[in-house]
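User: I want to learn how to read salt bridges, helix faces and charged patches. Please take me through them on one example.

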Amino acid sequence: MFSLPLILMGILFLVLSLKPACTICKQSGEFGWKILLGLISLFLLGYISFLFHLITHDHSGDVFIEDILTIILFGGSLFVKLVIHFSLKSINKIQKIALKEEHSSLHDSLTGLANRKYFLKRLNEKVKLSKPFSLFVIDINRFKQINDMLGHYFADQLLIRIGNNIKKQVSEECFLSRIGGDQYTLICCAVTDEEISQLMTAIYSSFKIPFNVNNYNLKVDISCGGALFPKNGESVGVLLQQADIALRAAKQKQSGYVIYNDKLDNDAKSRLEISSKLHNALSNKEFEVYYQPMNKVQSDDGHHLEALIRWPQKEGGFIPPDQFIPIAEQNNLIRQITFFVLDSICNDLLALKQAGMKACIHINLSARDLQDDLVSEQLAKLIAAGVLLPHELILEVTETAIMKDLSNAKKVLQKLSDQGFVVSLDDFGTGYSSLSMLLELPIHQIKIDRSFVMSMQQEEIGYQIVKSIIFMAHNLNCSVVAEGVETKEVIDELISMHCDYLQGYYYSKPLDFPSLIEYCKQA
Ligand code: C2E
Ligand code: CA
Ligand code: CA
């Protein structure tokens, strides 16, 4: 009596199991599941045959066996339905976990953008496709300083927003990733000058608006280097290297983007050459110290000179300090350079004294010199030995050098200041310091960067900047040096602004020591 509905339900369960069983077969592709699917189909045939038997045969006699069989068949179909249902559920769950894991292995957990692994995978795929494309590496300028200033939490927030900002400016076809720290990459279809210029203008323009992070209105600057496939490079390794070289050039240029070209490669090679020659040059004392005089506007209390290192070459000429100082900093050789210059200054001060001249010499310190007490200890030794008096040496440090490791620089500068040395803030206006930093640090002098002084006459803004810096410096009890003074007109303006010291080609280029002696005698 109940056999018919039960067997009908059993057939329904088996039919309902077929679709999920097919799905599992397709997903897993395993042979076992195919056999199971075949068996379910066979069972279905069996159930239908039994149904047919129930409908067509006379059931007036003993139906006990049929009832038992019906119950067993119903139970079997229910079992199949449940097993298939729960198997599919588990498989889906496992797949979701696997997909999630794959996603997180290919994405950056902070920004959600593709990570380095995914970027390299995509770059390999693009190279294999052999269609032209461009690769860009974008780097945040002075991110370490921003990190120090904001702290890790807010710097992380900034990185997320920078990623979103770039994403908004590029089309869907561009593949954006964060490959580590403050570096982002873009793989794009833009390959013509016009397409690249449009893309870069959009990105750079979006960084003109400051980011508001933790109530700071932070102006973020980026550098971007690009390389083109296949025009520049035809393999992943070469393209990456070229984009890095272009990025470095963009960083040096300090504005706009740079696309790789062969000249940049030559620059990279010459950097490598300088790097390999530096060590020997130091051991062989191949360097020379030149001096550029400064003119004191108010009174005359001896000669003020800036010591500037020179690296003469056998074939004539010099390698400019701007080229080898950053390399010496990277190679940990800058300390030896500082000590070499200090040594030369002490000798030359003695020679000047012997010639009856009073002098105060400015020395340029590098970021590394501000990280520990080695310079301070060396100076203490020289003072103790009677070779040097604190007022004979002024220590020039750039804002950028201080900001590389602000807390250490603060301690080191305080120690040097306590020893009686004057600290002069070099290239003022080009770095990334805040005005409050000036109050916190023992700064006694400000050197206005030559770019402002040199633009004073052409640009009103340059004029106003110089005037404001002098006003502010004096209010902070700092003296002011204007460097890059090349014309009489600029000198007159600077004097009317009460600038304390003037330095520049108008007075003299940096001179070797014998020429300096001649210059001082005539001054
Ligand atoms: P700086 O400290 O800003 O030095 C001033 C630079 O401006 C010098 O270039 C000088 O020759 C140049 N200059 C001076 N007056 C004028 C002018 O009227 N017009 C123009 N166009 N330029 C002028 P230099 O000697 O090539 O030095 C470049 C940079 O190299 C220096 O910039 C300094 O950052 C670094 N440097 C030089 N000597 C040393 C050193 O002994 N140690 C360290 N750590 N850095 C040094
Ligand atoms: Ca200087
Ligand atoms: Ca300077």
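Analyst: By the rule used here, the count comes to 17 salt bridges. The rule is a side-chain nitrogen of Lys or Arg within 4 Å of a carboxyl oxygen of Asp or Glu. This is a predicted model, where local features need pLDDT of at least 70, side-chain atom pairs count only at pLDDT 80 or more, and totals for chains, interfaces and linings use all residues. Residues are numbered from 1 along each chain as its sequence is written, chains are lettered from A and ligands numbered from 1 in the order written, and side-chain values use heavy atoms, without hydrogens and water.

User: Why do residues three or four places apart in an α-helix point the same way?

Analyst: An α-helix has 3.6 residues a turn, so such residues share a direction. Side chains of opposite charge can pair when their charged atoms come close.

Now the cases. Helices are DSSP runs (H or I, at least four residues), numbered from the N terminus. In helix α4 (residues 116-129), Glu-125 and Arg-122 are 3 residues apart, about one helical turn. They form a salt bridge, with the closest N and O atoms 3.6 Å apart.

In helix α9 (residues 262-283), Asp-267 and Lys-263 are 4 residues apart. Their salt bridge is 3.4 Å, N to O.

Helix α18 (residues 488-496) holds Lys-488 and Asp-492, 4 residues apart. That salt bridge is 2.8 Å, N to O. Elsewhere, salt bridges that share partners join Glu-306, Glu-396, Lys-447 and Glu-483 into one network.

User: How exposed or buried is Lys-263?

Analyst: Use relative accessible area: buried is under 20%, exposed over 50%, partly exposed in between (1.4 Å probe, protein chains only). At 54%, Lys-263 counts as exposed. Asp-267, at 30%, is partly exposed.

User: Which residues of helix α12 are buried?

Analyst: In α12 (residues 374-384) they are Val-375, Ser-376, Leu-379 and Leu-382. Seen down the axis, they fall within an arc of 120 degrees, so they line one face of the helix. The arc is that of the directions from the helix axis to the C-beta atoms. The face turned away from the buried side carries exposed Lys-381 and Ala-384.

User: Which residues form a negative surface patch?

Analyst: Glu-173, Asp-193, Glu-194 and Glu-195 form one. Patch residues have over 30% relative accessible area and no salt bridge, and like charges are joined within 9 Å. Asp and Glu count as negative, with the charge placed at CG of Asp or CD of Glu. Glu-195 lies in helix α7 (residues 193-206). Its relative accessible area is 37%, so Glu-195 is partly exposed.

Key. Patches are made of residues with over 30% relative accessible area and no salt bridge: like charges are joined within 9 Å, nonpolar side chains (Val, Leu, Ile, Met, Phe, Trp, Tyr) within 5 Å. Accessible areas come from the Shrake-Rupley method with a 1.4 Å probe; for residues, only the protein chains shown count as cover. Helices (H or I, at least four residues) and strands (E, at least two) are DSSP runs, numbered from the N terminus.
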